[in-house]
Every structure is written in C-alpha cells, then in structure tokens.
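Biologist: I've got a structure open and I'm not sure how to read it. Could you walk me through a few features, one at a time?

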Amino acid sequence: MAFVGEAFLSASIQKLVDMLACPDLRKFAREEQVHAELKKWEGILLKIHAVLHDAEEKQMTNRFVQIWLAELRDLAYDVEDILDDFATEALRRKLITDDPQPSTSTVRSLISSLSSRFNPNALVYNLNMGSKIEEITARLHEISTQKGDLDLRENVEGRSNRKRKRVPETTCLVVESRVYGRETDKEAILEVLLRDELVHDNEVCVIPIVGMGGVGKTTLAQLAYHDDRVKNHFDLRAWVCVSDDFDVLRIAKTLLQSIASYAREINDLNLLQVKLKEKLSGKKFLLVLDDVWNENYDKWDRLCTPLRAGGPGSKVIITTRMGVASLTRKVSPYPLQELSNDDCRAVFAHALGARNFEAHPHVKIIGEEMVNRCRGLPLVAKALGGILRNELNHEAWDDILKSKIWDLPEEKSGVLPALKLSYHHLPSHLKQCFAYCAIFPKGYEFKKDELILLWMGEGFLQQTKGKKRMEDLGSKYFSELLSRSFFQQSSDIMPRFMMHDLIHDLAQSIAGNVCFNLEDKLENNENIFQKARHLSFIRQANEIFKKFEVVDKGKYLRTFLALPISVSFMKSLSFITTKVTHDLLMEMKCLRVLSLSGYKMSELPSSIDNLSHLRYLNLCRSSIKRLPNSVGHLYNLQTLILRDCWSLTEMPVGMGNLINLRHLDIAGTSQLQEMPPRMGSLTNLQTLSKFIVGKGNGSSIQELKHLLDLQGELSIQGLHNARNTRDAVDACLKNKCHIEELTMGWSGDFDDSRNELNEMLVLELLQPQRNLKNLTVEFYGGPKFPSWIGNPSFSKMESLTLKNCGKCTSLPCLGRLSLLKALHIQGMCKVKTIGDEFFGEVSLFQPFPCLDTNSCCLEVLEIRKCSSLHPQAA
C-alpha cells in the first residue's frame with residue numbers, strides 16, 4: 001500500500017504553527033481583523049499534530065485514515081498559501097514604512113506603483129480573501145471532527161516503532177557457496193580485523209560496514225565472522241542482532257549468553273555489565289552488532305563500558321545503513337557497494353534453483369532484464385528469484401518485470417520492509433526532503449548545492465532558534481541522507497549524486513501524486529495534476545504547448561522544473577513557446593520554484609509578479625535580455641540564477657526591494673554593464689558572483705559595505721569607475737571572511753582617462769580577508785602591485801592570476817605563499833625581469849615552501865604574452 005504523503009505532514013504543520021506565531025503576521029492579522037480566525041487555526045493544527053503518529057501507523061490498515069491524511073496534506077498546502085499571502089503583504093507594507101527617502105525618482109515611482117497595486121484592504125477583500133478564510137476554517141473544523149470519528153489518539157509516538165512489522169532477525173550462520181562477488185570485500189574487512197595495532201587510547205576498535213538496505217552488509221559480516229583466520233585470531237566471538245531497538249540491557253544479556261550460560265537469569269544492567277567485564281577482561285574478542293540504528297552516543301557509550309576491558313586487538317563489527325558510524329571515530333567506515341551484474345545474475349539464478357539461465361532458455365532474455373532491474377542488490381535478486389522459482393512461464397515473468405517492487409507479495413520478499421525501515425527511521429524533516437527527490441527521474445544526477453537551493457525554495461529548511469543558516473541546515477540534511485545511503489555519489493570530479501533505482505521507487509511511493517515527472521505521469525490519469533504540487537520534465541529541443549496542456553489543471557503547482565538544472569554542457573538552447581511562459585505559468589500563483597534554464601527566450605512577462613510566492617527563479621544560460629521591473633515585487637525571492645545569460649543587458653531597478661534574496665548568480669553575463677541601485681539593501685545576500693562598479697548614477701563599490709555574508713566567488717568589475725578611494729575603504733572586503741575566490745577587474749581600454757595613482761590606491765584599499773584561496777587581478781592600471789599581494793599572511797592562497805596589468809613594471813613578492821599551487825602571469829608587457837625580489841626572503845632554490853614538508857608546493861607556473869620579459873630572466 002502506498003503512503004499518502006505523510007512525509008510532509010509533521011514538518012508542514014509545525015511550519016504552519018510557526019508562521020501563525022510570527023509577530024509581523026499577527027500584526028497584519030489584527031489590522032485585517034482576522035486575528036481571531038487565525039488563532040482558531042493554530043489551536044486546531046496543534047491538536048491535529050498530536051495525532052499524526054497514530055494516523056501514520058493506522059493508515060497502513062485503515063483506508064479511511066489514508067484518505068484523511070491525503071485531505072490533511074492538501075489542506076496544509078492551502079493554509080500555507082494563504083499565510084504566505086498574508087506574510088507577503090505584511091512585508092510589502094513594512095518595506096514602504098521602513099524605506100528611507102529613495103535616492104532616485106525611479107525608485108519613488110516604483111514604490112508608488114506598488115502602493116497603487118496593493119491598497120491596505122486589497123488582499124483580504126478585493127481578492128476574496130475573507131471567503132477563503134471562512135472556507136479554510138470550515139475545512140479545519142471538519143477534518144478535526146473526522147480525527148475523532150477515526151479514533152485517532154494523541155501523543156502515541158512510541159507505538160509506531162513497537163507495532164511496526166520488523167525485518168526478521170539475523171544469525172551468524174552463512175552458506176558461503178551461495179554468496180557471490182564479495183571476495184574482495186571480505187579480504188578488506190579481514191585485513192582490518194587481523195591488525196592488532198589499530199587499538200588507541202583504551203577505546204573499543206569498531207569497524208563499521210555501511211550501505212543501503214539489501215546490499216549484503218550482514219552477509220559480509222557473516223563471511224568474516226566464520227573465516228578460519230578470524231577463529232584462530234580471537235579468544236572469544238559473539239554475534240548480536242540489534243535491529244531498530246537498541247536496548248543496552250538486551251544486547252548485553254545476549255552477549256553474555258554467548259559466552260556464559262547463566263546470563264538468562266540476570267535482568268539487572270549493572271550486574272550484567274560487571275559479569276560481562278569479568279568475562280572479557282584481558283581476552284581478545286570479536287563482537288558483531290548487526291543492523292544497528294542507534295545514533296544516541298550515551299547508549300553507545302554505556303554498551304562499550306564493559307567492552308573496554310577486552311585485551312589488545314579486540315574488535316567490534318557493526319553493520320548499519322545510517323550515519324551511526326560517526327559514533328565510532330577510530331576506523332573509517334567500509335562502504336559496501338552493489339554487486340556486479342554477473343554476480344547479481346548468479347544470486348538470481350541460484351534463487352531459481354539453477355546455476356544460470358541455460359536451463360530455462362524460454363525466459364533467458366526477460367531474466368537478463370530482471371537482473372538489470374535488481375541494480376546490484378543481492379536481496380532483490382534473491383527475492384525475485386525465489387518468487388519466480390515455481391513460475392517458469394514467460395507470462396508470469398513478464399508480469400513481475402512490469403510490476404513495481406511494491407507490488408511484490410510482502411510475505412515472499414524482504415525487499416519492501418527492508419527499504420521501508422530505512423525511511424521510517426528518518427526524522428520528519430528528512431522524510432520531507434527525501435520524498436521531494438521523487439521529482440527527479442530515475443538515474444538523474446544532481447549537485448548537492450542545487451538540491452539544497454530547491455529544498456530552501458520549497459520551504460523545507462526552516463531556521464531554528466539557534467539562527468543556523470538555511471544553507472548550512474540543508475547541507476546537514478544532505479549529509480545525513482548521504483550517510484544513510486539514500487544518495488550515492490556518482491562522480492568524483494565535479495561531485496554529483498543520484499539515487500539507486502529502488503530508493504527512487506521508495507521516494508515515489510512516499511510522495512504519491514505530490515511529486516511527478518511529466519514524462520512518467522501522462523500514461524493514464526490526467527486528474528493527478530489537480531492536486532499535484534511539484535512538476536519536473538526533461539528539456540527538449542522544441543517545447544510545444546501540447547506537451548504542457550495537461551499541466552493547465554495543476555493550478556496548485558509549487559514547482560515547475562526543467563531538467564537538467566545545470567545546462568553548462570548544452571550545445572544549443574531549447575525553444576519554448578510563449579504560450580507556456582506568458583500564459584500558462586503566470587496563472588500558477590502558488591509557484592515557489594521556477595526553472596526555465598537553457599531556453600531561447602528573450603524576456604519574461606511583466607506579470608511575473610503574479611507569482612508572489614516565488615522563492616527560486618532559474619534562467620541560467622537562457623537568451624534573456626532583460627528582466628521586467630516587476631521582478632522587484634517578488635519579495636519572497638531567495639535565489640535568482642542568471643549565470644551565462646550572455647544577452648542580459650540590464651537588471652530590474654527594484655532589486656533593492658528583494659530583501660530576502662540570498663543568492664544572485666550573474667557570472668558569465670558579459671553584456672551587463674551596471675548594477676541596479678540599492679544593492680546594499682540586500683543584506684541577506686550570500687552569493688553575488690559579480691558586482692559591476694558603475695559610473696554616474698550606477699552602483700558604487702560602497703554598496704558592498706553591508707553585504708557581510710557574501711561567500712564563495714565574487715568578481716568585482718568596472719573598478720576603473722571607482723574614483724572615490726573612500727568608497728574602496730567602505731567596501732570592507734577585509735570583513736568578508738567567507739569569500740574564497742576573488743576577481744578584481746578594470747577596463748581593458750588603457751586610455752588617458754585612467755588615473756594610475758587612483759587605481760593603485762583603490763587596489764591597496766581593497767585588501768581582502770586572509771582566508772582567500774584564489775585571486776585574479778586583471779587590466780589593473782597602476783604602476784605596481786600593493787604589498788598585500790604576496791603577503792605570507794595569505795596562508796590559504798592556492799591560485800593567483802595576474803592578467804593584462806599593462807602598466808606594472810615589476811611583479812609582487814610571491815615566493816612566500818606557502819600553499820600556492822598555481823601561478824598564472826599573462827600580458828604583463830612592461831615586466832622585463834624576474835629578480836630575487838619576486839621570491840622574497842627564501843632561497844632561490846626553494847621558493848613557495850610548504851610549511852609541513854619544507855618542499856615546493858607550486859605545481860603550475862604559466863607565463864604568457866610577456867613580450868618584454870627576457871627568457872633567461874624567467
């Protein structure tokens with residue numbers, strides 16, 4: 001039975017309660033005389049939240065509870081949309097109230113236009129908000145009444161884990177002749193087991209075997225446990241199946257029973273641990289804890305207390321699919337990978353009762369497809385082979401092949417409970433983030449940062465009382481899902497990640513019709529779009545409206561995502577009809593995430609501000625020329641990606657109103673000549689890939705002063721326009737400690753308007769913070785470089801590029817940069833020699849000394865287009 005979106009509910013309802021408690025929203029509600037209604041909402045939601053654990057359990061056996069949860073999910077979305085409308089209007093009013101006198105008539109006219117579009121009562125009355133509130137109140141009362149009719153009980157959090165059907169317990173026994181493809185893994189584990197020098201600080205040496213459910217972690221532990229070399233190496237061996245109940249008393253009792261017959265009579269933890277310590281004292285033991293889920297360090301430490309009495313060389317193997325390996329610290333986890341296709345075929349055939357498919361030639365081809373479907377998981381291969389063992393006709397095999405893994409009979413397959421268990425152990429915030437990944441098609445590779453920005457745009461990353469950055473929270477969530485094997489790294493060079501096919505099936509089963517891919521969902525039922533929330537589709541060369549006709553029913557859509565998100569390797573742009581961008585999308589007023597990257601489109605409609613909920617807008621590598629000024633009305637916008645929009649010439653004048661904007665990526669926008677006014681108001685900005693210093697009324701570099709959270713890469717262009725050196729001081733680059741990659745650029749036109757002394761002072765005063773890793777200075781017109789370039793205090797500098805600085809006659813002292821790996825010098829046409837001063841106070845035979853090894857770190861030295869430089873001097 002499929003879940004009903006319950007992954008979202010606990011986190012979603014808590015979010016609604018937090019929104020209702022927001023002071024600005026409460027103030028707005030009082031102004032609109034709806035405060036009493038919202039107070040009712042809060043009370044009902046808290047009561048509903050209290051029964052969710054009971055409902056999540058009962059939905060598995062009660063169809064009416066399943067329907068109730070589905071209706072609650074839809075209601076939660078609708079409540080959030082209305083509260084979002086309130087919050088947006090409250091923010092708009094606050095912006096107008098708090099705004100100092102605008103510096104330009106353009107901004108005054110913009111604020112004036114905003115006021116005319118939204119009078120104080122427009123949101124509630126002119127848009128029928130009053131009737132919407134009444135409708136929501138009625139639905140909340142109805143669903144609250146139904147929870148009583150369904151006998152849903154409050155505060156029964158612990159029951160779910162106790163009553164949930166558990167995966168059968170394991171034993172240490174294994175039939176090695178039935179194990180395939182684990183020879184290398186077994187030897188790797190044995191190599192660690194048989195090394196006694198791994199013991200440190202009287203701590204228990206723990207060897208974690210990690211991997212997703214069904215990959216064979218228990219089997220690998222069994223192989224190592226029964227190896228003759230292990231039997232001879234250890235004085236004592238014991239095996240305990242821990243499963244999802246990490247009961248220290250039960251584990252200690254089972255362990256003691258393995259080595260002493262009288263443990264059955266002891267039920268006191270203290271006495272058990274004393275006896276266990278006595279038995280283990282001075283003995284070299286091997287303990288296997290199979291299927292560990294505990295992440296509580298106190299429980300782990302209590303269990304380990306008597307184990308520390310063991311002799312040198314004692315080891316503990318744990319098998320786990322979670323991040324609990326971090327509790328052990330001493331030995332790196334062993335990540336168990338999927339089987340090869342050949343080995344998986346052998347497991348499948350063995351379960352069939354054969355050595356290969358030769359005995360069943362009529363199903364050989366479909367059998368190969370079945371093996372491919374297993375995707376290297378021996379548990380799945382064994383389950384499918386066992387189910388088909390007595391079904392050797394082609395039709396039965398074809399039915400199984402076409403069915404989803406969730407349709408397999410649960411009593412004949414351990415696959416479903418094995419994978420479900422991983423999901424059930426997730427906290428609610430991770431369930432929400434994981435289920436959302438069903439929006440990607442199978443095999444899709446995604447970047448960590450891309451997914452985190454999507455999560456943030458959907459509202460899954462709520463800041464905690466500790467004020468943890470949403471991006472840091474997202475990184476933490478991503479790492480937890482990765483450590484629990486929900487994600488797998490698919491590429492080492494620009495790290496990308498993906499989900500195993502069966503994990504993807506799990507996400508789809510949980511998300512139901514909330515998340516879908518357009519190509520996958522058009523087969524049967526168009527009605528799924530009516531309540532759908534998240535849509536993705538694979539970008540095609542020519543997108544015609546017919547492809548999106550069915551989406552017209554999806555008026556509640558929050559996500560419209562063209563894939564792949566990253567389009568840097570596309571050879572040509574795709575075409576999308578304006579009937580989609582100007583008509584269809586502008587009616588989707590619940591959109592939070594909109595990606596139209598990689599499309600040949602020159603403009604967005606001015607009605608883009610209809611999408612007032614929008615948090616994420618991605619137009620990277622499109623042919624957009626300008627953004628309408630109405631973008632300045634998108635007060636909730638957090639992420640705006642315009643990377644590699646080569647035709648972009650101007651930004652909206654109202655950008656300064658986007659006070660929630662956190663990421664503005666405009667790298668690769670070569671036609672953009674200036675920044676919009678009031679960029680300094682965007683104090684939440686963390687990504688600002690490029691800032692252009694304007695002339696006249698354009699943005700001064702002083703606008704960077706209050707952008708203290710900038711990080712990653714920053715390119716400051718147009719520095720020849722920085723006439724006032726005081727502005728360079730006010731830019732406060734020294735205070736921006738999270739910027740790792742900095743480019744400083746002047747104009748390539750060295751005409752008489754350039755002031756060499758001014759440029760030298762500007763560069764001197766723009767000294768960045770010392771955590772900088774990469775620095776590029778290009779088209780600088782001063783006669784020499786400032787002393788900070790090459791200062792050894794920049795101890796993290798790894799790459800330095802000095803490019804086309806045509807007035808400089810000498811190079812800075814760089815030899816004391818201890819971690820510099822790459823040095824590029826290009827177009828320095830007035831530099832004639834490289835003398836001792838270039839290396840600084842170090843030996844000419846040992847420049848760029850590494851502090852750890854006292855050897856040279858420099859790996860790349862490139863000198864190009866330096867026509868005056870004498871070859872021997874270099």
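Modeller: Sure, let's start with a word we'll need: a residue counts as buried when its relative accessible area is under 20%, and as exposed when that area is over 50%, with partly exposed in between. Keep in mind that what you're looking at is a predicted model.

Biologist: Okay, is Cys 645 buried or exposed?

Modeller: Cys 645 is buried, since its relative accessible area is 0%.

Biologist: How many disulfides does a search of the whole structure find?

Modeller: The general idea is that two cysteine sulfur atoms have to be within 2.5 Å to count as a disulfide. Here the search of the whole structure comes up with zero. Take Cys 645 again: the nearest cysteine sulfur belongs to Cys 620 and is 6.9 Å away, and Cys 645 is in no disulfide.

Biologist: And why is there no bond between Cys 515 and Cys 437?

Modeller: Because the two sulfurs are 8.7 Å apart, which is too far for a bond, even though Cys 437 holds the closest cysteine sulfur to that of Cys 515. Cys 515 is buried as well, with a relative accessible area of 2%.

Biologist: Next, empty space. How many cavities of 30 Å³ or more are there?

Modeller: Rolling a probe the size of a water molecule over the atoms shows where empty space is left. In this model, the search turns up six cavities of 30 Å³ or more. The largest has a volume of about 110 Å³. It is lined by 13 residues, and the closest to its centre are Ser 12, Tyr 77, Glu 80, Gln 432 and Arg 558.

Biologist: Which element gives the largest share of that lining?

Modeller: Helix H1 does, with four residues. Helices H1 (6–20) and H5 (63–98) are the elements that give two or more residues each. As for chemistry, the lining of the largest cavity has five nonpolar, four polar and four charged residues.

Biologist: What about the second largest cavity: how much space lies in it?

Modeller: About 60 Å³. Its lining has nine nonpolar residues, no polar ones and one charged. Among the lining residues are Arg 237, Leu 255 and Phe 285. Strand S2 (236–243), helix H13 (248–259) and strand S3 (285–292) each supply at least two residues there.

Biologist: Now the backbone. Where is the cis peptide bond?

Modeller: Look at the step from Leu 563 to Pro 564, where omega is near 0°. Pro 564 sits in the loop between strand S11 (559–563) and strand S12 (574–576).

Biologist: And which residue has a phi near 60° without being a glycine?

Modeller: Asp 151 is one of them. Asp 151 is in the loop between helix H8 (129–149) and helix H9 (157–163), and is partly exposed at 38% relative accessible area. Asp 644 also has a positive phi, of about 60°. You'll find Asp 644 in the loop between strand S16 (639–641) and strand S17 (663–665), partly exposed at 23%.

Biologist: Last one: how many residues does the largest nonpolar core have?

Modeller: Picture buried nonpolar side chains joined to one another; the largest such core has 95 residues, with Phe 560 and Leu 688 making the most contacts inside it. Strand S21 (738–745) gives the most to this core, three residues. A second, separate core has 89 residues, including Phe 234 and Trp 397.

Conventions: Residues are numbered from 1 along each chain as its sequence is written. This is a predicted model: local features need pLDDT of at least 70, side-chain atom pairs count only at pLDDT 80 or more; totals for chains, interfaces and linings use all residues. Side-chain values use heavy atoms; hydrogens and water are left out. On a 1 Å grid over the protein atoms alone, a cavity is a set of points where a 1.4 Å probe fits but cannot get out, and a pocket is an open set with protein on both sides within 12 Å along at least five of seven lines; lining residues have an atom within 4 Å of a point. Grid points are joined across faces, edges and corners, and a volume is the space filled by probe spheres set on the points. Ala, Val, Leu, Ile, Met, Phe, Trp, Tyr, Cys and Pro count as nonpolar, Asp, Glu, Lys and Arg as charged, and the others, Gly among them, as polar. Buried means under 20% relative accessible area, exposed over 50%, partly exposed in between (1.4 Å probe, protein chains only). A nonpolar core is a set of buried Ala, Val, Leu, Ile, Met, Phe, Trp, Tyr and Cys residues joined through side-chain atoms within 4.5 Å.
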